[in-house]
Amino acid sequence: MTVCKLLCCCGLLAAAPLVVSDAAAQEQDVSLAERPPLVISGFAVGAGTYDRNSGGNTLAGSKLALSLFRPWSDQLYLFGQLTTHLEREDSGPAHTHIEIDNLIVNWTPPGASALTLSFGRFDAPIGYERDDEPLTLIPTTSFNFEFARPVKFTGVMARYTASPRVALVGLVANGWDLDLDNNSGKTGGVRIAVFPAAGVAVGAGALYGPEEDGTNGSQRTLLSGDATIQAVPQLVFKVEANRGLQRNAGANLTWTGAVGTVFWRAAGSLGISVRGEVLDDVDGARTGTAQTLRSLTISPWYFYREAQEGVFSNVEFTTFRLPAFSLRPALRFDRSDQPFFEDRDGTLRRSNLTAVVELVYLF
């Protein structure tokens, strides 16, 4: 915008001489200097993976994300993120997908500084895992993240800071992880976050709405709770629990899950994360198989420098600064009480081992 205006001004000056007073020039300089800047940031992810059951191993530049942040005033800003990633369905070739990962217009009404309204596509305000690799403490996502609860919503969300220790959230949106709604109903949700002491954040929330294609009859309910504890700067503990229920032809299908992650910064550039979880999909409502899934992931880190200020600066509710560069290998052990993990011959097995080496670079 500024460049275009400067070019136009140059063209006018060439066509006809103008006399501009020093006061007018100074006023124009101040106006340009006060214009809020457009902040561009993002991240890139490269990964190498090995899957024991399939016998496959590959290297890939797997994701590139570009984020745009534009504050228009103290009450209004725009945040958007485009993400391109590689995706392979079954055993076919990999394809590059580009998606609007986030698109948020955030507004604080005049005279109501404790209230903010967000419109667009945003992260579901529950749990602690996120789909952006820099914001996670483990290179892979858990079964709870993939099956037990939503990741994204498209709609409107209101946040109200009742006090420095209590915050409330309410939302109305399309269904779980949907860009466009798949029925005529809407999903509603509430959440309360409490900060009882320094380094402690506790949240609880509920979601309710129809989630099946073409019908408002299959209502889904989710109760979710999470906590973050950072008693000392070097140690972060995060835990999340989910309890879901869905109506299906008069029956109640339920699932229960819990996941916890511990991160320890062992030295200036070294750390280790350990995550354990269980997902009891007793009716097969979320995974398609009536089963109990368990997983253990161990991930040592090497990281270098700290990221700049912005959306990719801190792990949520902690003082841990995200590194500008990190190398994160991981071993993941998955197990089910039913055959679930497919091998190279198409046979279903009860366990699997995955090895990952992930490189994350922030810019």
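The residues that line the largest pocket of this predicted model divide into 20 charged, 15 nonpolar and 14 polar. The space in this pocket amounts to about 2,400 Å³. Its lining comprises 49 residues, and those closest to the pocket centre are Thr-49, Leu-86, Glu-87, Arg-88 and Glu-146. Two or more lining residues are given by each of strand 1 (39-51), strand 2 (57-71), strand 3 (76-88), strand 4 (94-107), helix 3 (143-148), strand 15 (323-336), strand 16 (341-342) and strand 18 (351-362). Strand 2 supplies the largest share of the lining, with 6 residues.

Strand 2 also holds Lys-63. The relative accessible area of Lys-63 is 17%, and the residue therefore counts as buried, the cut-off being under 20%. Apart from residues up to four places away in sequence, Lys-63 touches Phe-43, Ala-44, Val-45, Thr-83, Thr-84, His-85, Asp-131 and Glu-133. The C-alpha atoms of Lys-63 and Glu-87 lie 9.8 Å apart, and the two residues are separated by 24 positions in sequence. Glu-87 is among the residues closest to the centre of the largest pocket.

The protein chain as a whole contains 18 strands and 3 helices. Of its 363 residues, 39% count as buried. Among contacts in the chain with a separation of 6 or more, 53% are between residues 24 or more positions apart.

Strand 13 (residues 270-281) pairs with strands 12 and 14. Strand 12 (residues 251-264) runs antiparallel to strand 13 and is joined to it by 9 bridges. The two strands form a hairpin, with 5 residues between them. Within this pairing, Gly-257 has Leu-279 of strand 13 as its bridge partner. Strand 14 (residues 291-306) is likewise antiparallel to strand 13, with 12 bridges joining the two. Here Gly-276 has Leu-296 of strand 14 as its bridge partner.

In a regular strand, side chains alternate between the two faces of the sheet. The covered face of strand 13 consists of Gly-271, Ser-273, Arg-275, Glu-277, Leu-279 and Asp-281. Its uncovered face consists of Leu-270, Ile-272, Val-274, Gly-276, Val-278 and Asp-280. The two bridged residues named above in strand 13 thus fall on opposite faces, Leu-279 on the covered face and Gly-276 on the uncovered one.

Leu-279 is also one of the residues with the most contacts inside the largest nonpolar core, together with Phe-143, Phe-153, Trp-176, Leu-207 and Leu-222. This core has 20 residues. Helix 3, strand 6 (152-163) and strand 7 (166-173) each give two or more residues to the core. Helix 3 is also among the elements that give two or more residues to the lining of the largest pocket. A second, separate core has 16 residues, including Phe-43, Ala-65, Leu-135 and Val-236. Of these, Phe-43 is one of the residues touched by Lys-63.

Leu-207 of the largest core touches Ile-126, Pro-150, Phe-153, Trp-176, Gly-188, Gly-189, Arg-220, Thr-221 and Leu-222, with residues up to four places away in sequence left out. Among these contacts, Phe-153, Trp-176 and Leu-222 are themselves listed with Leu-207 as having the most contacts inside the core.

Two enclosed spaces complete the description, the count of cavities of 30 Å³ or more being 2. The largest cavity has a volume of about 50 Å³. Its lining is made up of Pro-134, Thr-136, Trp-301, Leu-322, Pro-323, Ser-326, Arg-328, Val-360 and Leu-362. Strand 15 and strand 18 each give two or more residues to this lining, and strand 15 has the largest share, 3 residues. By class, the lining comprises 6 nonpolar residues, 2 polar and 1 charged. Strands 15 and 18 also appear among the elements that give two or more residues to the lining of the largest pocket.

The second largest cavity has a volume of about 30 Å³. Pro-125, Ile-126, Val-169, Gly-170, Leu-171, Gly-189, Val-190, Arg-191, Ala-206 and Leu-207 line this cavity. Two or more of the lining residues come from each of strand 7, strand 8 (187-197) and strand 9 (200-210). The lining divides into 7 nonpolar residues, 2 polar and 1 charged. Leu-207 thus belongs to the lining of the second largest cavity and is also among the residues with the most contacts inside the largest nonpolar core. Ile-126 and Gly-189, which Leu-207 touches, are likewise part of the lining of this cavity.

Terms used
Residues numbered from 1 in each chain as written. Predicted model: local features only at pLDDT ≥ 70, side-chain atom pairs only at ≥ 80, totals over all residues. Heavy atoms only, no water. 1 Å grid on protein atoms, 1.4 Å probe; cavity = no way out; pocket = protein on both sides within 12 Å on 5 of 7 lines; lining within 4 Å. Points joined across faces, edges and corners; volume = space filled by probe spheres on them. Helix = DSSP H or I, 4+ residues; strand = E, 2+ residues; numbered from the N terminus. Nonpolar A, V, L, I, M, F, W, Y, C, P; charged D, E, K, R; others polar. Buried < 20%, exposed > 50% of the residue type's maximum accessible area, 1.4 Å probe, protein only. Pairing = 2+ DSSP bridges. Core = buried A, V, L, I, M, F, W, Y, C linked by side-chain atoms within 4.5 Å. Contact = heavy atoms within 4.5 Å.
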